[in-house]
Each structure stands twice: as C-alpha cells, then as structure tokens.
Amino acid sequence: MQANGPRPWRAFLSTCLGFCLLISQTAWAAAASTTPAIATLGQPAPLPACWRGTILTFVAHTDDDLLFMNPDQADAIRQGQCMRVVYFTAGDRGEGQPYLQARERGIMAAYARMAKVANHWRDDGWSVGGRTVLRHTLQAAPRVQLIMLRIPDPWLGPGWGSLTPLSRMESVPHTGVRAYAPYRESYTRDSLVTWLASLIQAVQPSTIRLMDASIATPYTQLCWRCRGHDHPDHIAGARLVRDAMRLAPGSYLAQAYLGYPSQEQPANLSATERAFKTGTFLRYMVDDPRYCRPHAPCSRANGPAAAWVWRQYRIDADGALLAPVQQARQ
C-alpha cells in the first residue's frame, strides 16, 4: 500500500523546476542591468523617455540662451528634463563658416558644462516637417540636443539701424533666406512658421522658451544700448515662435525672457547663481574670438555681458516683468 503524498520523483521534479526558475530570473536581471545600450554608428543615441518634461528653447544666436535664459536652462538639465535648443541664425556676422563653427563649439562646451559630462557630441541631420537641420547630441547626456538652422547673419547695411536676413524675412513680404551648409534649406516667413509649428508638434514640449516679441520699435530704428531696445534678431525670432505656437497649440507652458533690456533692471541672481552662470558663459567665450582673443586669459565677462550674467528676467506675453515670486527658481 502506497503512502499518501507526492511520489519521490514528483517532489524531485518540483524542486528542480523551482531552482531552475530562480536561476533563470537571476540571470535575466543581471543581464538587464549590465547590457549596454547600443547606438547606431552615425546616429545619436535614442533620447531617454522625457517623463520629467521637455524644454524647447528658441533663440537667435548661440549665446542668447546663456545670457538671458540661464540659470533656468541649467536648472532644467540638473532636474533631468530633456533639452532641445533651436538656434535660428549662424551668428556669423558675415564672417562665414569658421566663425559660426567656433560659436557652435563654444555653445556645445557650455552645455556639456551645464550637464556636467564630457564635451563629446555626435552630429546628424534631423528630418522633421519635411526639412533637415543640423543636430548636435551630447553623447553622455543625449537628452540635450542643439538644433542649428544656420540662417546667415550679417548686417544688411552699416550695422544698427539696418536689417539682418532673419529680421528682413520676418518683416518684409516676399523675402526669403537660405541656410548655410550642410543643409541648405530655404525659408520664407510663412514656411518657417509652418516648420516651427511642425517642430513643436514633433517634440511635444512641456515648456517653450522664447525671447521678447513685444518690442514695438521698428527694426531699422533700433540702436545699441538705447533704453528698451533689443537686437532685431531676438525680436524676429520670438515673433516667429509666437506665430508658430498659434498654429500648434498645446498644454505646454510658454515662457518669454527679457533680452538686452535686462541690464536696465536690478541684479537678481544669487552669488552662487552668478558664479555658475558666469563660469558657463566664460566656457563659451573661450571659443568665440570676438569675446576672447586667442591665448587671452578671458577670466571675466566684459561690456554688457558683465551685467547680463548677473540677471535673468522672465516676462509675460506683453513684455511686462513677472512678479518676484514668479522669478524665483527651484
């Protein structure tokens, strides 16, 4: 007569299966934690899930964000948000590729400093909205990407009081611009606004940052260091973004920033914030020969930049300063 309970071979099999399952689960967990992500050669590593939010920033030149939107830019990176920055112009002042490339090197170094990772980037052409633009992706932090439209940026006259290609395209009907290489896209005002709307829809940002679109002084009447005046490219770029947001409404927050006129306001950054913002801007300066001549020490910001690095002012859509509590940073 057999005893009640499982047969010996069944007990052995049950024990073996349980042990094998444990081994399998342990091996799978180890593999998942040690297998590196694979990036295709010639392409940036995929962006991580931007569950903390995505900041989509639009500026005219490759130092505007450092001077007028920092420390907000650095704070977003520190908090783990994804960062896409769109630069409308090449900022070349008519000096062509060598100078624009120097400025791009500078802004890439500055963002690597803000992300606290090595200054190594991967370039590719990003196709969105039927156009292709140059994209720089920070290799050790691929959630940081810089997007370059490279619209030429000489004064179309003797200087202040003249138009630039961007401000002319924004204000003069039936005019256009063509970008520098490697992606020589052509833009009119309408086509650029439409493309910007496509970009906003593709990125799905939680926040859009732009410059001040409210300055009413005609571009040809703007002057350097005149109270309340700003660069025509700053205003033109902001107006284009404003119109694109109307074509691409969403749940994002739109935040504008005061440009040159911020120097007319009291310094409002803490000593720690001033030191970090200044250090980041100095890192950019090293590559920009108009700020820092080769082999010069370049240990401080000079001219109006010395005032801008001590300030950051958020404004509303009408150009009015936000209340002090709305200027505070986390």
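Select R150 first: this residue of strand 5 is buried, with a relative accessible area of 8%, where buried means under 20% relative accessible area, exposed over 50% and partly exposed in between, with a 1.4 Å probe and protein chains only. Add A90 to the selection, which is 60 residues away from R150 in sequence but 4.1 Å away in space, C-alpha to C-alpha. The model is predicted, so local features need pLDDT of at least 70 and side-chain atom pairs count only at pLDDT 80 or more, while totals for chains, interfaces and linings use all residues. Residues are numbered from 1 along each chain as its sequence is written, and side-chain values use heavy atoms, with hydrogens and water left out.

Next, colour by secondary structure. The protein has 10 helices and 10 strands, where helices (H or I, at least four residues) and strands (E, at least two) are DSSP runs numbered from the N terminus. An open sheet of eight strands follows the order 3-4-5-2-1-8-9-10, with mixed pairing; two strands pair if DSSP finds at least two bridges between them. Strand 3 (121-128) and strand 10 (314-315) stand at the edges with a single partner strand each, so one side of each is left without a neighbour in the sheet.

Now select strand 2, residues 82-89. Eight of its eight residues are buried, so strand 2 is largely enclosed by the rest of the structure. Strand 1 (residues 54-59) is joined to strand 2 by six bridges and runs parallel to it, and V59 can be picked out opposite Y87 of strand 2. Strand 2 also pairs in the parallel sense with strand 5 (residues 144-151), over six bridges, and here R84 has Q145 of strand 5 as its bridge partner. While viewing these strands, recall that in a regular strand the side chains alternate between the two faces of the sheet.

Move along the sheet to strand 8 (residues 207-210) and strand 9 (residues 253-257), which run parallel and are joined by four bridges. Selecting T207 and L253 shows one pair of bridge partners, with L253 lying in strand 9.

Where is the empty space? A search of the whole structure finds one cavity of 30 Å³ or more, and the largest cavity has a volume of about 40 Å³. On a 1 Å grid over the protein atoms alone, a cavity is a set of points where a 1.4 Å probe fits but cannot get out, a pocket is an open set with protein on both sides within 12 Å along at least five of seven lines, and lining residues have an atom within 4 Å of a point. Grid points are joined across faces, edges and corners, and a volume is the space filled by probe spheres set on the points.

To find the largest cavity, select L134, M148, L149, Y180 and Y183, the closest to its centre of the 13 residues that line it. Strand 4 (131-138) and strand 5 are the elements that give two or more residues to this lining.

Finally, turn to the largest pocket, which holds about 520 Å³ of space. Of its 24 lining residues, R93, W224, H231, Y260 and Y291 are the closest to its centre, and helix 2 (64-68) and helix 9 (304-308) each supply at least two residues of the lining.
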